[in-house]
Amino acid sequence: MAETLVTSNGLKKYFAGSAGWFGKSGDVVRAVDNINIAIGKNETLALVGESGCGKSTLGRLLINLLEPTEGEVYFKRQNIYKLNPAERTAFRKQVQIIFQDPYASLNPRMKVRSIIGEPLETHSLAQGKEMDSRVGELMNLVGLEKGYMTRYPHQFSGGQRQRIGIARALALNPELLICDEPVSALDVSIQSQILNLLKDLQQQLGLTYLFISHNLSVVRYMANRVCVMFLGKVVELGSCKAVFDQPLHPYTQFLMMAVPLPNPKLRNREKRILEGDVPSPINPPPGCRFHTRCPYAKGICAAEEPELADFGGRQCACHFPLG
Amino acid sequence: MGRFVLNRLLGSVPILLGVILIIFVLLNVVPGDPVALMMAEHIDPDVVARVRAEMHLDDPLYVRFGRFVWDALHGDFGVSYKMNRPVATLLMDAFPNTLLLAVAAALFSWLVGIPAGILSVVKKNSFPDYFSMGFALLGVSMPVFWAGLLMQYIFAFQLGWLPVSGFNSPLCLIMPAVVLGWSSAGMIARLTRSSLLEVMGNDYIRTARAKGLTAVSVLVNHALKNSFLPVVTVMAIQVASLLSGAVITETIFSIPGIGRIAVNAIQARDMPLLQASVIFTTLLVIIGNLAADIMYSILDPRIKSK
Amino acid sequence: MPDDSMTAQKADSTGNQRPEGEVMLTVAGLKTYFSTRQGVIPAVDDISLEVRRGKILGLVGESGCGKSITALSILRLVPSPPGKIIAGRVVLDGKNLLELTEKEMGHIRGNEISMIFQEPMTSLNPVYTVGKQVMEALILHQKLSKAQAREKALAMFNLVGIPEPEKRIDVYPHQLSGGLRQRVMIAMALSCRPKLLIADEPTTALDVTVQAQILRLMKELQEELNSAIILITHDLGVVAEICDDVNVMYAGRIVEHADVYELFDRALHPYTAGLLKSLPKMYQENERLYNIVGMVPNLLQLPKGCRFHPRCESARAICREAEPALFETGGSHLVRCWKYKG
Amino acid sequence: MEPKADMPSGPPGVPARKEKEPVTESFWRELLYSIKQNRSASLGGIGLLLFVAAAIFAPYISPHDPYLVNLNAQFHRPSPEYPLGTDMYGRDILSRIIHGSRISLVIGLVPTAISMAIGTILGLLAGFYGGRTDSAIMRSADIVMAFPSLLLAMVVMYTLGASLLNIFIALSLVGWAGIARVVRAQTLSLKEKEFIEAARAIGVKNRVVIARHLFPNCVPSLLVLFTLGIPGAILSEASLSFLGVGAQPPTPSWGLMVSTGKEFLSVAPWVAITPGIAILLVVLAFNFLGDGLRDALDPYMKH
C-alpha cells in the first residue's frame, strides 16, 4: 500500500429501533461496530460478507452519506465529518458511489444528459455546449454512444444503465469510488463487461475502489485486498491471494466453501456447510459474534471478544485462527 | 397488540384536542355579537352587558377555551341560544337517529359494495364486471341531495311506495339509507376490486395455485383476507363521509339527527349547538378510525406481533 | 484446497455416460407467447425437453430467456392474459397436461408436480401461519384430517431441517428468516411426495452459506425420495454443483443440451462457451475476463437467422440468414449452431 | 440496510424485462397517447372539453338570459322554446345550467389547485425532512382529516359568511390534508431510491433534490389526484349551496338550483332534477378521466 487515502477510526453506526408512545423498543442494530480500516491510493479494497453484515453501511459512512454514531473517517488526513461548507463541496468532488440497482439509481424522469450532467451543473463546472461535450466524452468513456444523450433511462438495458451510473460518478473526476454491489443485479454476460470496464477505468484514471460485494469470485477478480465482515465487525483482512489461498478465520473459510463452483468435477470436494442462519445484527451474541455458528468455538469464544490481530501482514479476529 | 391499541388510543387525544381548538377558534372569532343575536334588535345595552358577563364572553379567548374543555369533559356543552335547552340533551336526543341512519347506510354499503367488488373481479371484463363498476361509479359521482330528491320523486310522489320524509316507521329508513350508502358502496366496490386485483398478482397467490387449489379456493382462502386490509381503512374514512352525507340526507328526509341540528344551528347562528354537534361528529370519526386500526391489526399478523 | 484447473478424478459411474433414468416428463414443441401493446413476445419458442426419474435437470440462461415461463407453462400457471400457451405438449406419464381440464390440473399441481419459487419472502401468504399453508395441500390432495395433516406437516418440517418444528409450525412467515422460509416452501412442495419438483431460482435470494444448505437439502431429499427436479437458475455454479443434465436457453430457445460433465468440459455453443469464459474464478489469479459483446435481443425484434449471431464472434453468412436446428453431436449433446451441422 | 441481492431473472409472467417500450421520448406525449388508447379516459376527456366549452362560451350559446324573471312563463314544461323548462320565476333552466357551468368549473379548479399546491409542498417537506417537521405537518393533517369535510366547510362558512369566495377558502382549507398524505408516502418510498442517494453524493442541495428528483416523480399521482379532486370540489360546492350556506340566489349555482327546485318537486320535477343531471354528468366525466389516467399512469406510480 503506497499512500493511504482513507482511514477509519473506531467507526460505529447503530440504528435505533422504532419509538412508540411507551418508550423505544430497545432494539439497537449494530450495523457497523468499531471498525478501523485504511484504503491505499489506487488499490481496490473489497468488502465481503452476507446480508446484514454492515458492508453497505460502512461504504456510506466512508463518504459521509451517513452520520456515524461514533468514530472518525479521515480522507487525505481531513476528518470528513468536520468539514466547513467549502471543504465539504471539495470533498464531494473527490468521492463518488455507484449502486447495485440500475433501475432505482437513475431518476426515471430525467434524460441521460441531465443525469450525467447533474454533477457538472451542481459544481458549476460546465454548462450548455460545454456540458454536452463533456457528457459526450463521459459516455464514450464508459462505452455508450453519445447520441443516446437525449433518451430516458427506461430506454436502456440494465447493463447500459449501470454504465450511465458509472459515467455520472466519474463526471467530477473523483479519486475514490465506492462500488456497492455494482454487478449483482446484472446477467453474467453483462457482469463481465462491467467488471472489465471498471478495471480499465481504474487503470486509465488512477481510481481507488472500495468494492462491496457478496460474490467472492468477483471480489477475487477485482480486488487487491479483501476485508471480510461479519455482523458489523471485521473478522479478516488481507491481500486477496493470502486470504483466498489460506483463510485464517473460520467464517472466511466457511464462506468460501459455500460458493458453488462452475465445475461439476469438483462437486464431491470436501465441503463443510455452516449450519443455522445468519444471526440478526440486533443484539448480537456476546464474545466472538461468530461463536454460535462456529464448530471450533471453545469457552473463551463466548466470553471474550477477539481483537483484530496481526498475522504477518494480514489481520484476523479469532481466538483460534486456522492454518 | 395491546400496546399497539393503547398507542393509537393515546395518539387520538391530541387530534381530538386539535379538533376542538380549531372549532372553538373558528366559531368564537365570528363577527357579530351572539348576545345581540339572541335578543333581537331593540334591547337595553345594560342587559346585553350583563348577559355577556354571565356568559363570560368578555374573558380572553384562552380562558374561555380552557373553561369550554373543562365543561365539555363534564358533559356540559352549554345551552342552545335558540332552543334554550342544554346542548348535551339535544345531541343525545338526536344521536340515536343519526346512528340508526349511519348503521343502516353502512350495512347497505358493505352488503352491496363488497360483493359487487368481488363479483367484478371474478367475472372480469364481462357484463357483471361492467354492471358492478357502473353502479359503483354512479354512486361516487351522484350528488347525494339530488339522488335523494330523485328517489322521493319516484318512490314517494310517483309510485307512492314509501313515505316522502319523516322518521316514524322503518319504511322511512329505506330511502335515506340507500341514498346515503350508495356512494360508500361505490367507493368500497371500486376499492375491493382494485385491491383484490392487486393481491391476485402476488407471489403467494401463484404458490397457492401451484399447490393445486382451485381458482375459487385461491380467491376465497388466500386473496380475500389480504385484499380486505385497504378496504378496512376505507371503511374508517367512510364513517366520515357517512356523517357528512348524513347532514344532507337528514335535511332532505327531515330526520331529526345531529346533521340536521348542525344545519339548523348554522341557519339560526346558534353557536354552542353548532360547536357541540361538530365536535361530537368529529369524535365519532376518530372512534371510527380507531376501530379501523384495531381491525387492521387483527387482520394483519405483521402488526399484531409488534 | 480445491482448484478449478485441477483435473479431478473421473467422477462416479454416471459421469460421462448417458443418464439411464426413465423419462417421466416430456415437453415437446412448447410455445408460450405474450401479447402486449407493442406486439407478441415469443417468451418460450418451441422448447422440447425430457425429465428423467431420479435426475436433476438444469434449465439455465439469462434474464428473459424464457426459463421461468417454461416452468410455469408446465404447470399451466402462466398468467393469462397476457400469456398463452399456443402450441406443444407436456406429457406426464402418458397424459398431456395441456389437454386436461382445470379441475384435473388441480390434482396434478402440488400433488404430482410441485413448485418452489425464488422469493421465499413473498411466496408465502403473510396472513396465515406457515403450518396452515403446508397443511392445506395435504388436506386437499391426501384427504387428511386436520390433525393428521398437522402430524404430517411436523414430519415434513423435521425432514427439511427446521429446528423446533412444534414451535415454528404456528408462526407467521415474517417471523422466519429467508432460509427457514425457503425450507417451509420445500416442505410444502414435497409434502405430497410429488414425482417432479420444479425449483425456480430457489437460492437466488439467499445468502451464500444458506444457499449451500438449501442446495444440499434439495440434493439429499431428491436422492432419498428418488424424485426428479427441474432446477431453473442463472448461476452456472449451482448447475455444476447439483444438476445431472443441462439445457441452456437463449432468447426463448434451447441452444445447447448435454449432461453436466460434458457441458462444462466441452461447451459447444459459442454462447455457452462465452458464458463460462466470462465467469471469474475464485481460487486462482484471473486473467482479463472474456466478454460476450452486446446484449440479449429484444424478443419483439428478433434478429434474422441465429438469434445469437449479432453477439457471436464466429458468425458466418449462413448464421445471418437461417436459424440452425438443434444438431446432434454424439451422445445426447445437442447444439443449435451451424458449426455442428451434420 | 443491506440490499438483498436482486437477481436478474425477471418475474414469471413478465417476459424479457418488460420495460416501457421506447416508443416516445416524453412523458407528456406518452400520456396523451395513453389517454387516446383508453376508452374511458377519452370519453371523460371529451365530456370535459364540452363542459369547458360551455363555460367559456356561455353567453353566446345560452338561448335566454339566465337571470331574466318572467312571471308569465312560470313552470313551463320542457319545450322547443325552453328545452329544459322554466323555474318558478319563469327563468330558462337550460340557460341557467350553461351559466352555472362557469361556477362549477372555477369552483372545481381553483380550490383543488390551491389545496394541491399546499398539500404537495407540505407532503414533500414532511417526507423529505422527517423528524419534527414530519410530525408537525402530519399531526395537523390528521386533525383536518378527522373532520367530516362538509361539516368543517360549513363551520368555515358560518364564520366567514355564505358566499362563493368563502367556498374557495373553505374547500382549500379542507382539501390539502389528503394530498399531503399521499405525497408524503410517495416521497418516503422515493427517498429509498438510490438516485436520491446519488444526488446527495454529488452534493446536490436539498431544495434541488426536492424540486428535481422528488417532485417530478410525484407528478403522475398528482395528476390523478387533481383529476379526481375536481369532482369532489364540485360536489362540495353543490352540497353547500344546496344547504343554503354556499352560493346565494339568484346565482345560477347548480346545487342552489336543485335546492330551490325541491319545493316544487311534485308539481315541476324538472326544476330540481335537470341541474342535478348536469352535476352528475360533469362529475362522471372527471371520474372517467381520472380512472383512465390512473390506469395509464400505473407504471409511473409504482415506486
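Contact here means heavy atoms within 4.5 Å, and angles run from 0 to 180 degrees between N-to-C directions. The model is predicted.

**Stop 1: helix H1 of chain A**

Select residues 55-62 of chain A, which form helix H1. H1(A) lies across five strands of chain A: E6, E9, E10 (176-180), E11 and E12. Its direction is at about 155° to E11(A).

**Stop 2: the strands below, and a second helix**

Now show strand E6 (residues 44-48) and strand E11 (residues 208-213) of chain A. E6(A) and E11(A) run parallel and are joined by five bridges. To check the register, pick A:Leu45, whose bridge partner in E11(A) is A:Leu210. Add helix H6 of chain A, residues 188-205, which packs on the sheet and touches E6, E9 and E11 of chain A. The direction of H6(A) makes about 160° with that of E11(A).

**Stop 3: the whole sheet**

Extend the selection to the eight strands of this open sheet in chain A, in the order E9-E10-E11-E6-E12-E13-E15-E14. The pairing is mixed. At the edges stand E9 (95-98) and E14 (309-311) of chain A; each has a single partner strand, so one side of each is left without a neighbour in the sheet. Averaged over the sheet and with direction ignored, neighbouring strands are turned by 20° against each other.

**Stop 4: strand E13 of chain A**

Select residues 233-239 of chain A, strand E13. Six of its seven residues are buried, so E13(A) is largely enclosed by the rest of the structure. Strand E12 (residues 225-230) of chain A runs antiparallel to E13(A), with six bridges between them. One pair to display is A:Arg225 with A:Ser239, its bridge partner in E13(A). Two residues lie between the strands of this hairpin, where A:Leu231 takes a positive phi near 45°.

Strand E15 (residues 314-316) of chain A also pairs with E13(A), in the antiparallel sense and over two bridges. Here A:Glu236 stands opposite A:Cys316 of E15(A).

**Stop 5: a helix pair in chain D**

Move to chain D and select helix H6 (residues 149-160) and helix H7 (residues 164-191). The axes of H6(D) and H7(D) come within 9 Å and cross at roughly 140°. That angle makes H6(D) oblique to H7(D), since only angles over 145 count as roughly antiparallel. The crossing of H6(D) and H7(D) is right-handed.

For the contact itself, show side chains including D:Leu152, D:Val156 and D:Leu160 of H6(D), and D:Ile169, D:Leu173 and D:Val174 of H7(D). The residues of this contact comprise 10 nonpolar, two polar and no charged.

Technical notes
Residues are numbered from 1 along each chain as its sequence is written. Chains are lettered from A and ligands numbered from 1 in the order in which they are written. This is a predicted model: local features need pLDDT of at least 70, side-chain atom pairs count only at pLDDT 80 or more; totals for chains, interfaces and linings use all residues. Side-chain values use heavy atoms; hydrogens and water are left out. Helices (H or I, at least four residues) and strands (E, at least two) are DSSP runs, numbered from the N terminus. Angles under 35 degrees count as roughly parallel, over 145 as roughly antiparallel, 65 to 115 as roughly perpendicular and the rest as oblique. A crossing is left-handed if the near helix is turned anticlockwise from the far one by less than a right angle, and right-handed if clockwise. Ala, Val, Leu, Ile, Met, Phe, Trp, Tyr, Cys and Pro count as nonpolar, Asp, Glu, Lys and Arg as charged, and the others, Gly among them, as polar. Buried means under 20% relative accessible area, exposed over 50%, partly exposed in between (1.4 Å probe, protein chains only). Two strands pair if DSSP finds at least two bridges between them.
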